[in-house]
Amino acid sequence: MAYNHTNVLQRSLPRVSMRRPIRTRYEPVNLDLVSILPDSEKKHLDRYGYVISHLYEVRFLDNRWKELKRRSKRARKKQFVQLNAVVLRSILDKRHSRRILRNLCDWGIIEADNQYIVGKKSRSYRLTAKYADSDYRAVDYGRKFSDRSDGFEGKDRKIRLTSLHKDIAEQIEKNFAIDMDVATKLMQKLRLDRLTAIRTKLALDRMKKGDFGHSVSGKTGRYFNHLINLKRELRQAIVCKDGSKLVDVDIANSQPFFLSVFLACIERKVADVMKVAEELKVDIRSLPKVSTEKEFKLFTQLTASGTFYDYFCR
């Protein structure tokens with residue numbers, strides 16, 4: 001992507017708060033959860049809000065649903081989101097998770113596909129039509145639930161991200177931010193359909209709070225975040241925290257080029273390449289075999305000069 005000690009000493013030092021910032025949940029603007037919850041359930045408002053917010057955010061921000069525009073039966077089926085029971089119980093507490101899901105279904109806020117396959121598929125849910133395409137409001141969690149959910153989700157993210165992806169994520173969070181004033185002005189100039197506008201605004205709001213939505217595709221191993229997915233017209237709103245200016249750089253035939261570099265390193269640093277390949281879950285045996293030294297030399301020259309695709313268009 002392009003971018004314009006000792007115990008005595010410790011006791012003598014003032015205490016510095018290391019608490020995480022309060023997390024925010026996003027819920028449909030036409031949903032008044034407080035008035036729906038009976039008095040006995042109001043103390044679990046954050047738990048109910050978490051489920052709704054998770055389904056809402058996945059609906060608009062997860063790349064599997066991002067390009068889903070068809071309204072066929074198959075497309076609607078894909079809008080169901082699998083909720084892992086173990087993770088859900090960790091965040092909501094095992095005493096409440098099942099009841100919360102059941103109540104939300106009974107109240108017509110979410111619906112389930114009621115399909116569960118042991119070891120293969122968790123039961124899936126989605127917001128009902130009344131709330132699925134609604135605009136949203138941002139609501140802060142209470143401190144206790146904010147720390148709890150952030151702790152479990154942060155641990156889950158670290159498990160899914162490789163060390164290389166973690167380094168990229170840390171650099172992004174350390175060096176970049178969003179200028180919301182600029183982003184708002186740019187948004188007003190764009191002719192976005194309503195759902196795309198909601199999706200874009202939600203991503204900007206999350207980045208403003210320091211949540212860049214780092215994720216890795218389980219199928220392709222490709223790394224995503226809100227910054228990478230940001231529309232080209234809105235990239236002017238990206239700023240460097242140190243005040244540096246950003247520039248746009250386009251790497252011609254980048255994927256073939258990276259492959260040529262990777263292949264060239266195999267004979268030189270086999271151990272290092274194998275380690276990186278294992279980290280990225282790449283099967284070395286699946287890489288294309290170069291039949292002759294002449295072909296490999298041509299491939300390297302074309303990718304290095306940025307004319308790889310031009311060569312096949314002659």
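So, a salt bridge here is a side-chain nitrogen of Lys or Arg within 4 Å of a carboxyl oxygen of Asp or Glu. Keep that in mind, and keep in mind too that this is a predicted model. The general idea is simple: side chains of opposite charge can pair when their charged atoms come close.

How many salt bridges does the structure hold? There are 11. I'll walk you through a few.

Let's start with Arg-206 and Glu-57. Their closest N and O atoms are 2.5 Å apart, so by that 4 Å cut-off they form a salt bridge. What I like about this pair is where the partners come from. Arg-206 sits in helix H12, residues 194-208, while Glu-57 belongs to helix H3, and those positions lie 149 residues apart in the numbering, so to speak: they are 149 residues apart. The bridge links distant parts of the chain. And are these two buried or exposed? Arg-206 has a relative accessible area of 12%, so it is buried. Glu-57 comes out at 14%, so it counts as buried as well.

While we're in helix H3, which covers residues 45-61, have a look at Val-58. Its relative accessibility is 10%, so Val-58 is buried. The C-alpha atom of Val-58 is 9.0 Å from that of Gln-79, and those two are 21 residues apart along the chain.

Next pair: Arg-95 and Asp-93. They form a salt bridge too, with 2.9 Å between the closest N and O atoms. This one is mixed, though. Arg-95 counts as exposed because its relative accessibility is 60%, whereas Asp-93 is buried, at 15%.

Then there's a little group. Arg-25, Glu-27, Asp-46 and Arg-137 are joined into one network by salt bridges that share partners. Inside that network, the side chains of Arg-25 and Glu-27 meet at 3.2 Å, N to O. Both Glu-27 and Arg-25 are buried.

Last stop, the surface. Which residues gather in a patch of positive charge there? They are Arg-89, Lys-94, Arg-98, Arg-102 and Arg-123. Take Lys-94 from that list: you'll find it in the loop between helix H6, residues 85-92, and helix H7, residues 97-106. With a relative accessibility of 66%, Lys-94 counts as exposed, since the cut-off for that is over 50%.

So if you open the model after this, try Arg-206 with Glu-57, then turn to the positive patch around on the surface. That's it from me, thanks.

Notes: Residues are numbered from 1 along each chain as its sequence is written. This is a predicted model: local features need pLDDT of at least 70, side-chain atom pairs count only at pLDDT 80 or more; totals for chains, interfaces and linings use all residues. Side-chain values use heavy atoms; hydrogens and water are left out. Patches are made of residues with over 30% relative accessible area and no salt bridge: like charges are joined within 9 Å, nonpolar side chains (Val, Leu, Ile, Met, Phe, Trp, Tyr) within 5 Å. Accessible areas come from the Shrake-Rupley method with a 1.4 Å probe; for residues, only the protein chains shown count as cover. Lys and Arg count as positive and Asp and Glu as negative; His and the chain ends are not counted. The place of a charge is taken as NZ of Lys, CZ of Arg, CG of Asp or CD of Glu. Helices (H or I, at least four residues) and strands (E, at least two) are DSSP runs, numbered from the N terminus. Buried means under 20% relative accessible area, exposed over 50%, partly exposed in between (1.4 Å probe, protein chains only).
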